[in-house]
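Welcome, and thanks for taking a look at this one. Below is a short tour of the ligand site, followed by some points about the backbone and the aromatic rings.

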Amino acid sequence: MAARGFGLAVAQMGPVHRADTRAAAVARLVALMQEAAQRGARLVVFPELALTTFFPRYWIDSADELDAFFERAMPGPQTRALFETAARLRIGFTLGYAELTERGERFNTQILVDDSGRIVGRYRKIHLPGHADHKPAAPFQHLEKRYFQVGDEGFRVWQTMQTRIGMCICNDRRWPETFRVLGLQSAEIVTLGFSTPSVNIHWHEPPHLRMFHHLLTLQSGAYQNALWVAAAAKAGFEDGFHMIGGSVIISPSGEIMAQSQSEDDELIFVNADLALGDRFRQNVFNFAKHRRPEHYRMIIERTGAGEPLGGGQNAQETP
Ligand code: ING
């Protein structure tokens, strides 16, 4: 099968502190984009909420203070440089940021911009982790359920730059439905940004599990849907609060093809052979040939886990 090379880059960011300006964050993103273009990338993936610190870790009372973390326009005056650089270097990108719409809706959003600098896709985060109430006893908050609405545009895939690109964000990767819905749209690449605290505020979780679960979800998502996954961390200590690195590019085989070495700004790159996905899609994960949705109905009908279908302990009827 003839190879179909696609230069795929992931730009990991180190910390963005609360006092850091958007201009400083954008300058870092532009530098990473330039490095990606020099490496031959057609697309570079940026982290979740890349323009500011991960503010859902804070209880923020003042509406003005909260609004300051959101973008009312994209591109806006401070992000335009990123779009202009993309058009000049002929490189596409995905970027995570906090979106405040004209109707006052707030989303944890990621856009897909093609190599002419045009926004061709938008994803608003659907799986919002954490809580909406104040937990003053916790070492930090995780208030995505308070600061964002559930995404209202679904999981979508876009035909662009001679491939098909789907998007999700951070916690979405932990839910297999995310990758399956994108795989059912024939995605060849899924991009995501993530901000994953290394500490669990609910119980003492052995730290190594944060990285293990992060990689496990991406590798299984890639393999089970025969697609490339490119995931960009915002990593390191933001004002003392640590988030894992582990930016990766994963092939449809489920193998990690590149992984970040640091918790700082760092670019990783793979000349991804998109034809690898074809092989898995035509055989092992030939959805049309092998899936049996008539037996998956429960996935849609139930939100929480419920009663087993197999009956009780002393069932008289056949097991
Ligand atoms: N962060 C974390 C994530 O899903 C989390 C929250 C971590 C939930 C670990 C459950 C377990 O990676 C975001 N921003 O979703």
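A polar contact here is a pair of N or O atoms within 3.5 Å. Please keep in mind that this is a predicted model. With that cut-off in hand, we can turn to the ligand.

**The ligand and its shell**

Which side chain has an N or O atom 2.8 Å from a nitrogen atom of the ligand? That side chain belongs to Glu144. The table sets this contact beside two others, one to a side chain and one to the backbone.

| Ligand atom | Protein partner | Distance |
|---|---|---|
| nitrogen | Glu144, N or O atom in the side chain | 2.8 Å |
| oxygen | Arg173, N or O atom in the side chain | 3.1 Å |
| nitrogen | Ser195, polar backbone atom | 3.0 Å |

On its own, the ligand has 370 Å² of accessible area, and the protein covers 84% of it. The ligand takes up the space of the second largest pocket.

Glu144 also appears in the wider surroundings: 13 residues surround the ligand, and Glu144 is listed among the closest, together with Cys170, Asn171, Arg174 and Thr196. By character, this shell divides into six charged, four polar and three nonpolar residues.

**Aromatic pairs**

How many aromatic pairs does the structure hold? There are 12. One of them joins Phe83 and Phe93 in an edge-to-face arrangement, with 5.3 Å from centre to centre and 80 degrees between the planes. Phe83 sits in helix α3 (residues 80–89) and Phe93 in strand β3 (residues 92–100), so this pair ties together parts that are 10 residues apart in sequence.

**Two backbone details**

Helix α3 also helps to place the next feature. Pro75 is found in the loop between α2 (63–67) and α3. The peptide bond leading from Met74 to Pro75 is cis, with omega near 0 degrees.

A second loop, the one between β6 (157–160) and β7 (163–169), contains Met161. Although Met161 is not a glycine, its phi is positive, at about 50 degrees.

If you plan to browse the model yourself, the contacts of Glu144, Arg173 and Ser195 with the ligand make a friendly place to begin.

Definitions and conventions:
Residues numbered from 1 in each chain as written. Predicted model: local features only at pLDDT ≥ 70, side-chain atom pairs only at ≥ 80, totals over all residues. Heavy atoms only, no water. Near = heavy atom within 4 Å. Polar contact = N/O pair within 3.5 Å; in protein donor to acceptor, adjacent residues only side chain to side chain. Areas by Shrake-Rupley, 256 points an atom, 1.4 Å probe, with all protein chains shown as cover. 1 Å grid on protein atoms, 1.4 Å probe; cavity = no way out; pocket = protein on both sides within 12 Å on 5 of 7 lines; lining within 4 Å. Sits in = over half its atoms within 2 Å of the grid points. Nonpolar A, V, L, I, M, F, W, Y, C, P; charged D, E, K, R; others polar. Phe/Tyr/Trp six-rings, centres within 6.5 Å; stacked < 30°, edge-to-face > 60°. Helix = DSSP H or I, 4+ residues; strand = E, 2+ residues; numbered from the N terminus.
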